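The following note is offered to a colleague who wishes to review a structural model residue by residue. The points proceed from one loop position to the chain as a whole and then to its helix packing.

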Amino acid sequence: MLKHHGGIAPAERWRRADRLSAEERESISRGLEAGVSLRSIAVSIGRSASTVSREVARKGGRAKYRAVAAEQRAQEQARRPKPSALQDNPVLRHLVIELLDNQWFPEQIVVNRSGSDGGSIP
């Protein structure tokens with residue numbers, strides 16, 4: 001059933017509370033455009049001055065900082081660079097598909113693949 005519906009969807013992504021939001025990045029961008037100091041921008045968004053300073057320095061400096069570009073770069077950097085085991089290993093992928101076709105549950109495949117019950121899968 002999973003195979004015919006595209007597999008298991010990845011978990012929904014969420015942003016940690018200590019990471020800057022798109023709205024905070026927009027406030028930084030507007031503050032820079034208006035010539036406001038980094039410390040004043042930090043106070044207005046409730047962040048430390050060092051957080052705002054590092055954000056601006058990493059994403060182009062005062063002259064080049066843009067909220068949309070900074071947000072896109074942050075999202076790209078947050079992605080896991082590692083492909084999934086099934087994506088990276090065609091032999092494993094075909095084995096999992098075969099076992100799913102044979103009515104195995106995903107939990108059975110994981111347990112047997114890890115060898116915790118004697119390793120019935122080669």
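1. In this predicted model, Gln103 counts as exposed, because its relative accessibility of 64% lies over the 50% cut-off. The residue belongs to the loop that joins α7 (90–101) to α8 (106–114). Its backbone merits inspection: phi of Gln103 is near 70 degrees, a positive value in a residue that is not glycine.

2. As to the overall architecture, the chain contains eight helices and zero strands. Read from the N terminus, the order of elements is accordingly α-α-α-α-α-α-α-α. Of the 122 residues in the chain, 24% are buried. Among contacts with a separation of 6 or more, 43% are between residues 24 or more positions apart.

3. Helix α1 comprises 12 residues, from 22 to 33. The distance from its first C-alpha to its last is 16 Å, close to the 16 Å expected at 1.5 Å a residue. Just after this helix, Gly35 adopts a positive phi of about 80 degrees.

4. Which residues of α1 are buried? They are Glu24, Arg25, Ile28, Ser29, Gly31 and Leu32. Viewed down the helix axis, these buried residues fall within an arc of 165 degrees, so they line one face of α1. The face turned away from the buried side bears the exposed residues Glu23, Arg30 and Glu33. The packing partners of the buried residues are α2 (38–45), α3 (49–58), α4 (61–64) and α5 (67–78).

5. The pairing of α1 with α5 deserves separate attention. Two packed helices are described by the angle between their axes and the distance between the axes. For α1 and α5, the angle is about 140 degrees and the axes are 8 Å apart. The crossing of α1 past α5 is right-handed. On the α1 side, the contact is made by Ala22, Arg25, Glu26 and Ser29, and on the α5 side by Ala67, Ala70, Glu71 and Ala74. By class, the residues of this contact comprise four nonpolar, one polar and three charged.

6. Glu71, a residue of helix α5, also takes part in the contact with α1. Is it buried or exposed? Glu71 is buried, because its relative accessible area of 10% is under the 20% cut-off. With neighbours within four places in sequence set aside, Glu71 is in contact with Arg15, Leu20, Ser21, Ala22 and Arg25.

7. Ser21, one of the residues in contact with Glu71, is located in the segment before α1. Its relative accessible area is 18%, so Ser21 is likewise classed as buried under the 20% cut-off. Apart from neighbours within four places in sequence, Ser21 is in contact with Arg15 and Glu71. Arg15 therefore appears in the contact lists of Ser21 and of Glu71 alike, and a reviewer may wish to examine these residues together.

8. A final position to check is Ser53, which is placed in helix α3. Ser53 counts as partly exposed, because its relative accessibility of 32% lies between the 20% and 50% cut-offs. The separation of Ser53 and Arg39 is 14 residues in sequence, while their C-alpha atoms are 8.3 Å apart in space.

Conventions
Residues are numbered from 1 along each chain as its sequence is written. This is a predicted model: local features need pLDDT of at least 70, side-chain atom pairs count only at pLDDT 80 or more; totals for chains, interfaces and linings use all residues. Side-chain values use heavy atoms; hydrogens and water are left out. Helices (H or I, at least four residues) and strands (E, at least two) are DSSP runs, numbered from the N terminus. The expected span of a helix is 1.5 Å times one less than its number of residues. Buried means under 20% relative accessible area, exposed over 50%, partly exposed in between (1.4 Å probe, protein chains only). The arc is that of the directions from the helix axis to the C-beta atoms. Contact means heavy atoms within 4.5 Å. Axes are lines fitted to C-alpha atoms, for helices over the stretch in contact, and angles run from 0 to 180 degrees between N-to-C directions. A crossing is left-handed if the near helix is turned anticlockwise from the far one by less than a right angle, and right-handed if clockwise. Ala, Val, Leu, Ile, Met, Phe, Trp, Tyr, Cys and Pro count as nonpolar, Asp, Glu, Lys and Arg as charged, and the others, Gly among them, as polar.
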